[in-house]
Amino acid sequence: MTVSVCTPEEVLQLVASVAGLFAEDGGVRDPFMDTGWPAREGTAYYVDLVKDPGCLCLLAAGGGGHLVGRLCRPNPLRPGAVTADLESLRVDPGHRRAGVGSELVAAFFAWAAENGANETRVKAFAANRGALEFYRAQGFEPFDITLRRTA
């Protein structure tokens, strides 16, 4: 599988993959998730990210998936941390368990290191056991926990 940096001409492919993530993950696990956001606002959002040197947008060849990462602003409460967030990752169902996700994450780690990050982070739904197992296999460890209560 070939992973490449998304170009402005490929943003629609990125948006389609993001829409798949919204439908398969957030739309299933979060009753408040706006699954229509990618169709309405995704193109403009990702066109800007593709141009931003503090962001990384990757595509896996043949519609295999995507990864979106970004460098975080310095946090004065954690002055020694230079953080890169893995904002979004999806592997198309037809390409899962073939190393595509690992290849995307490896490219993200390399980009983060090249940009001075000494910490990478990712968030996943607690109910998404497959994602949690995948991220742990990539070297991520639990760091903080968000608890919520719905009214």
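**Figure 1. The whole chain, end to end.** Starting at the N terminus, the elements of the protein chain follow the order β-α-α-β-β-β-α-β-α. That adds up to four helices and five strands. Keep in mind that this is a predicted model. Along the principal axes, the C-alpha atoms of the protein chain fit a box of roughly 40 × 40 × 30 Å. The radius of gyration is 15 Å, which agrees with the value near 15 Å that a compact globule of 151 residues would have. Of those 151 residues, 36% are buried. Take the contacts between residues at least 6 apart in sequence, and 64% of them turn out to join residues at least 24 apart. As for the outside, the accessible surface of the protein chain is about 9,300 Å², with 55% of it belonging to carbon and sulfur atoms.

**Figure 2. Strand β4 and its partner β3.** Here we zoom in on β4, which covers residues 83-91. Seven of its nine residues are buried, so β4 is largely enclosed by the rest of the structure. Strand β3 (residues 65-71) runs antiparallel to β4, and seven bridges join the two. To find your way along this pairing, look for Gly69, which sits opposite Leu86 in β4.

**Figure 3. β4 again, this time with β5 and the helix between them.** Strand β5 (residues 119-122) runs parallel to β4, and the two are joined by four bridges. Two places to look are Thr83, which stands opposite Glu119 in β5, and Asp85, whose bridge partner in β5 is Arg121. Add helix α3 (residues 100-114) to the view, and β4, α3 and β5 together make a β-α-β unit that is right-handed.

**Figure 4. Two tyrosines side by side in sequence.** The model has nine aromatic pairs. In one of them, the ring centres of Tyr45 and Tyr46 are 4.8 Å apart and the planes meet at 85°; with an angle over 60 degrees, the pair counts as edge-to-face. Are the two residues buried or exposed? Tyr45 is partly exposed, at 29% relative accessibility, whereas Tyr46 is buried, at 3%.

**Figure 5. Phe109 meets Phe140.** Another aromatic pair is made by Phe109 and Phe140, with 5.6 Å from centre to centre and 45° between the planes, which makes it tilted. This pair links distant parts of the chain: Phe109 belongs to helix α3, Phe140 to the segment after α4, and they are 31 residues apart. At 28% relative accessibility, Phe109 is partly exposed, while Phe140, at 11%, is buried. Both residues also belong to a cluster linked by ring pairs, along with Phe108, Trp111, Phe134 and Tyr135.

**Figure 6. Phe143, out past the last helix.** Follow the chain beyond α4 (129-137) and you reach Phe143 in the segment after it. With a relative accessible area of 57%, Phe143 is exposed. Which residues does Phe143 contact, leaving aside its neighbours within four places in sequence? They are Arg78 and Arg121. You have already met Arg121 in the strand pairing, as the β5 bridge partner of Asp85. For a sense of scale, the C-alpha atoms of Phe143 and Asp52 are separated by 28 Å, and the two residues are 91 apart along the chain.

Conventions:
Residues are numbered from 1 along each chain as its sequence is written. This is a predicted model: local features need pLDDT of at least 70, side-chain atom pairs count only at pLDDT 80 or more; totals for chains, interfaces and linings use all residues. Side-chain values use heavy atoms; hydrogens and water are left out. Two strands pair if DSSP finds at least two bridges between them. A crossover is right-handed if, with the strands pointing away from the viewer, the path from the first strand over the helix to the second runs clockwise. The radius of gyration is taken over C-alpha atoms; the globule rule is 2.2 Å times the number of residues to the power 0.38. Buried means under 20% relative accessible area, exposed over 50%, partly exposed in between (1.4 Å probe, protein chains only). Contact means heavy atoms within 4.5 Å. Accessible areas come from the Shrake-Rupley method with a 1.4 Å probe; for residues, only the protein chains shown count as cover. Rings of Phe, Tyr and Trp (its six-membered ring) pair if their centres lie within 6.5 Å; planes under 30 degrees apart count as stacked, over 60 as edge-to-face and the rest as tilted.
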